[in-house]
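Thank you all for making the time this morning. I would like to walk you slowly through one structure, so please have the sequence and the picture in view as I speak.

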Amino acid sequence: VLAAFLLGLPTKTGLAIASGYGWYSLSGILISDAYGPVLGSAAFFNDLVRELASIILIPMLINRYRSTALGLTGATSIDFTLPI
């Protein structure tokens, strides 16, 4: 909501972009259909950066905060980043 406010987007649009949480293969397509290719690309990039950040942060957090470290990845925690 804060990012949507700072970027001058409607709250509903900001929440739609943020709600993809890990489903980078699907959220970009759905947001593109609903709001256009620019916001669809932003949704894809948002999910991709979250995935890359979790790959970097999981090894650092796993010893102290096990549940939090796995929760960072969202929907992909079982199939993609759990082996890390």
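**A walk through the helices**

Let me begin with a single residue, Ser 32, which is found in helix α3. Before I go further, please keep in mind that this is a predicted model, and that every value I mention is computed from it.

Is Ser 32 buried, exposed or partly exposed? With a relative accessible area of 27%, Ser 32 is partly exposed, because a residue has to fall under 20% to be called buried and has to be over 50% to be called exposed. If we leave aside residues up to four places away in sequence, Ser 32 touches Pro 37, Gly 40 and Ser 41. You may also like to find Ala 43, which is 11 residues from Ser 32 in sequence and 8.6 Å from it in space, going from C-alpha to C-alpha.

Helix α3 also holds another serine, Ser 27, and here the relative accessible area is 7%, so Ser 27 is buried. Again not counting residues up to four places away in sequence, the residues that Ser 27 touches are Gly 20, Ala 43 and Asp 47.

Now let us step back to the whole chain, which has 5 helices and 0 strands, and which therefore reads, along the sequence, as α-α-α-α-α. The chain has 84 residues, and 27% of them count as buried. About 5600 Å² of the chain is exposed, and 71% of that area is supplied by carbon and sulfur atoms. If we take the contacts between residues at least 6 apart in sequence, 46% of them join residues at least 24 apart.

Let us turn next to helix α2, which runs over residues 11–18 and whose buried residues are Thr 13, Gly 14 and Ile 17. Why do these residues sit on the same side of α2? They cover an arc of only 100° around the axis, and that places them on the same side of the helix. It helps to recall that an α-helix has 3.6 residues a turn, so residues three or four places apart point the same way. As for what covers the buried residues of α2, the cover includes α1 (2–7), α3 (24–35) and α4 (37–61).

Two of those buried residues, Gly 14 and Ile 17, come up again in the lining of the largest pocket, which has a volume of about 150 Å³. The lining also includes Val 1, Leu 7, Leu 9 and Ala 42, while α1 and α2 each supply at least two of the lining residues. By kind, the lining divides into 8 nonpolar residues, 1 polar residue and no charged ones.

Val 1 deserves a closer look, since this pocket-lining residue is found in the segment before α1. At 59% relative accessibility, Val 1 counts as exposed. Beyond residues up to four places away in sequence, Val 1 touches Thr 11 and Leu 15, and from C-alpha to C-alpha Val 1 and Leu 15 are 6.4 Å apart in space, although 14 residues separate them in sequence.

I will finish in helix α4, where Val 49 has its place. Val 49 is partly exposed, with a relative accessible area of 39%, and its C-alpha is 9.8 Å from that of Tyr 24, a residue 25 places away in sequence.

Key: Residues numbered from 1 in each chain as written. Predicted model: local features only at pLDDT ≥ 70, side-chain atom pairs only at ≥ 80, totals over all residues. Heavy atoms only, no water. Buried < 20%, exposed > 50% of the residue type's maximum accessible area, 1.4 Å probe, protein only. Helix = DSSP H or I, 4+ residues; strand = E, 2+ residues; numbered from the N terminus. Arc of directions from axis to C-beta. Contact = heavy atoms within 4.5 Å. 1 Å grid on protein atoms, 1.4 Å probe; cavity = no way out; pocket = protein on both sides within 12 Å on 5 of 7 lines; lining within 4 Å. Points joined across faces, edges and corners; volume = space filled by probe spheres on them. Nonpolar A, V, L, I, M, F, W, Y, C, P; charged D, E, K, R; others polar. Areas by Shrake-Rupley, 256 points an atom, 1.4 Å probe, with all protein chains shown as cover.
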